[in-house]
Amino acid sequence: MFRLITGIPGPSGFGSASTAEQVTQGIDASNLTAIVTGGASGIGFETARVLALRKAHVVIAARNVEAANEARQNIVKENGTARVDVLKLDLCSIKSIKAFADDFYALGLPLNILINNAGVMFCPYQLSQDGIEMQFATNHLGHFYLTNLLLDKMKHTANSTGIEGRIVNLSSVAHVHTYRGGIRFDRINDKDSYSDKKAYGQSKLANILHANELSRRLQLKWDLKHVALLLLILHLKYVSNFCYGQEEGANITVNSVHPGLIMTNLMRHSALLMRVLQAFTFILWKNVPQGAATTCYVALHPSLQGVTGKYFLDCNEFPPSKLARDKALAKRLWDFSDKLVNAAAQN
């Protein structure tokens, strides 16, 4: 809390007062391609702008294509050499997510960085196009499905270029305020007991659990690949072939971040409440450049090479809640999400 209020840097050399430009100063991302969901406004836009400033090829994925194209124009106006594309993506629609992935593959681009930034917050009870509670569907399930669809592209890019891929899930400190048990697997769509605040916390907890479980799965595959290579060197080829048949290596890290308290359009469903809260806790709030700092730090900074399955706050590693560290809960959420996605995709 002291560092949050004072802005004093943590072990990384950065803190709550650091901006996205500051934490990426001197980094050349010209050989990287990044997707930023929700990159048309707020900290998503700032993330896309700074990545483009560091010469990355940025794809803004947004539901509002008109707003996304305006964001692209603003980036290019400021930075004439910026490489920015726009593709339509509605995270509350499985059909739209699949169409986005197909459109991205059609571009023939590599994919080094996936930033799962978009989301909704404190919205009234409603169901997604696929019949799933909106905050869970948009904030977690949509990004879960999108990540799975793009994972092969990221694996291929990492393996062919030798450059580590990075996936960043935007979570929130609100993940500590969720339903009892963390995830309401048996009542995900229950309207009578719906709480807009707890539903948001549930979705943000899911973001961390998703990142941790995907990290575990990719790390297992990567470790087995290295074991197989070692065995190959030792000429134990029959064992090596067995290991390769079990798992496929992937040089990709997956982390989650809390951007901080920032007044953006994300809070449109509770603007008055947030204004009152901000008036009494103004010292804790960040501006947009500061809010995008942790995302950009985790996505680009060379000091995080090989760091995976971690949660970051103010550009420093920070322990999330006990539920967020529950491996069994993460595995159960993965299986639950996979079933929901498969069911929705068949409709």
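Which residues of the largest nonpolar core touch the most other members? I kept this question in view while working through the model.

**Entry 1, ground rules.** I am reading a predicted model, in which local features need pLDDT of at least 70 and side-chain atom pairs count only at pLDDT 80 or more, while totals for chains, interfaces and linings use all residues. Residues are numbered from 1 along each chain as its sequence is written, and side-chain values use heavy atoms, with hydrogens and water left out.

**Entry 2, the sheet.** I looked up the strands (DSSP runs of E, at least two residues, as helices are runs of H or I of at least four, both numbered from the N terminus) and found eight of them in an open sheet of mixed pairing, ordered 3-2-1-4-5-6-9-10. Strand 3 (83-88) and strand 10 (316-317) each have a single partner strand, so one side of each is left without a neighbour in the sheet. Strand 5 (residues 165-170) pairs with strand 6 (residues 252-258) in the parallel sense over six bridges, where pairing asks for at least two DSSP bridges. I noted Val-257 in strand 6 as the bridge partner of Leu-170.

**Entry 3, helix 6.** Helix 6 (residues 134-161) packs on this sheet, touching strand 1, strand 4, strand 5 and strand 6, contact being heavy atoms within 4.5 Å. I then checked helix 12 (residues 327-345), whose axis comes within 10 Å of that of helix 6 and crosses it at roughly 85°; axes are lines fitted to C-alpha atoms, for helices over the stretch in contact, with angles from 0 to 180 degrees between N-to-C directions. The two helices are therefore roughly perpendicular (65 to 115 degrees).

**Entry 4, His-140.** His-140, in helix 6, is buried at a relative accessible area of 1%, buried meaning under 20% with a 1.4 Å probe and protein chains only. Not counting residues up to four places away in sequence, I list among its contacts Ser-203, His-210, Leu-333 and Ser-337.

**Entry 5, the cores.** Returning to my question, I found that Ile-35, Phe-100, Phe-104, Phe-136, Leu-150 and Ile-183 touch the most other members of the 49-residue core; such a core is a set of buried Ala, Val, Leu, Ile, Met, Phe, Trp, Tyr and Cys residues joined through side-chain atoms within 4.5 Å. Helix 6 gives the most to this core, with nine residues. Leaving aside neighbours within four places in sequence, Phe-136 is in contact with residues including Ile-183, Leu-333, Phe-336 and Leu-340. A second, separate core of 41 residues includes Ile-60, Leu-170, Cys-296 and Val-298.

Methods
Angles under 35 degrees count as roughly parallel, over 145 as roughly antiparallel, 65 to 115 as roughly perpendicular and the rest as oblique. Buried means under 20% relative accessible area, exposed over 50%, partly exposed in between (1.4 Å probe, protein chains only).
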